[in-house]
Amino acid sequence: MTDLLQIFLSDSFYAASLRIATPLIFGVLGALLCERAGVLNLGIEGIFVVGAMSGWMAVWLGADLWTGVLAAALAGAVFGALHAVLTIFMGLSQHVSGLGVTLFASSAAYFTYRTALPEVASPPRIEPFRAVAPALSEIPFLGPVLFSQTALTWLALALVVLVWWVLDRTPLGVAIKAVGDNPDAVNAQGLSVRRLRFGAVVAGSSLMALGGAFLTMSAFDAFFFGMVNGRGWICIALVIFASWRPGKALLGAILFGMFDALQVRLQTEAGAVVPGQIFLMAPYILSIVALVVVARRAEYPRALLRPWFKGQR
């Protein structure tokens, strides 16, 4: 019990929680934006992978870090546009299209990596993002938690505020939410349902790709197979946990980050007694429990998963 208390009183625990949560924040914001417009994007796992590879590859080829971030966002936008064309304009199943995008994007990323580096045994390293204010990290508690983070973590937190402001405080946000609830009413107002949905899916997919870019350009300094490790699927669950609200999405991502950071420390403390697989499962089990409790009261976008064509009811 004393060791557990020490974990929760440690600033390094909360710093690790926020760091682990950062790619999830990007991903859940992207998924939230897509679903608010009525489109489920199960391509998120593959978009994470292609974002991670694109950002890292751009920097490895000589671009600066922020250009790498832009490259990742553009790669995510391309695959988001593909999913949008298949589901919005052609009316295909959002589930099938999303899974297809995940397989295609992941395979394209791995193929590109192997083609560019056919003889490399270990992934080449790049110079990743560093702490934004290392001098301020000496401040008790808040210093290590906030100022030891990289610029991408701060970008993720800023995007939470931006997405909230757009959705809740702007006419564009009202239109996006309306197109996810009642596209016929949006069309009656003279707005383009397809364009709104297309823009939301492309923008959301760009945000998802930034989650992958964080992994290769901030958390690590290389790209390797399996590094995404299901984070995209966790984001899909976190959107439901958040009831499609950016503030609760941030809370859910940090909560999962805390679960994950806790299991690492508990594994260190009790790994000799309890099998390590128990600790690895713990964050996912706790997430499922939290999801079941919250999802029963969640208000779904009413037009989610429903294709829309003008003049059809």
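Colleague: Is C235 buried or exposed?

Modeller: C235 counts as buried, at 0% relative accessibility, where buried means under 20% relative accessible area, exposed over 50% and partly exposed in between, with a 1.4 Å probe and protein chains only. This is a predicted model, in which local features need pLDDT of at least 70 and side-chain atom pairs count only at pLDDT 80 or more, while totals for chains, interfaces and linings use all residues. Residues are numbered from 1 along each chain as its sequence is written, and side-chain values use heavy atoms, with hydrogens and water left out.

Colleague: Why is there no bond between C34 and C235?

Modeller: The sulfur of C34 is 12 Å from that of C235, its closest cysteine sulfur, which is too far for a bond, because a disulfide is a pair of cysteine sulfur atoms within 2.5 Å. C34 is buried too, with a relative accessible area of 0%.

Colleague: Switching to helix 2, where is the kink?

Modeller: The kink, of about 35°, lies at T22, shortly before the proline P23; the bend at a residue is the angle between axes fitted to the seven residues ending there and the seven starting there. Helices are DSSP runs (H or I, at least four residues), numbered from the N terminus.

Colleague: And how many of the residues of helix 2 are buried?

Modeller: In helix 2, 21 of the 26 residues are buried, so the helix is largely enclosed by the rest of the structure. After helix 2 comes G38, with a positive phi near 95°.

Methods: Helices (H or I, at least four residues) and strands (E, at least two) are DSSP runs, numbered from the N terminus.
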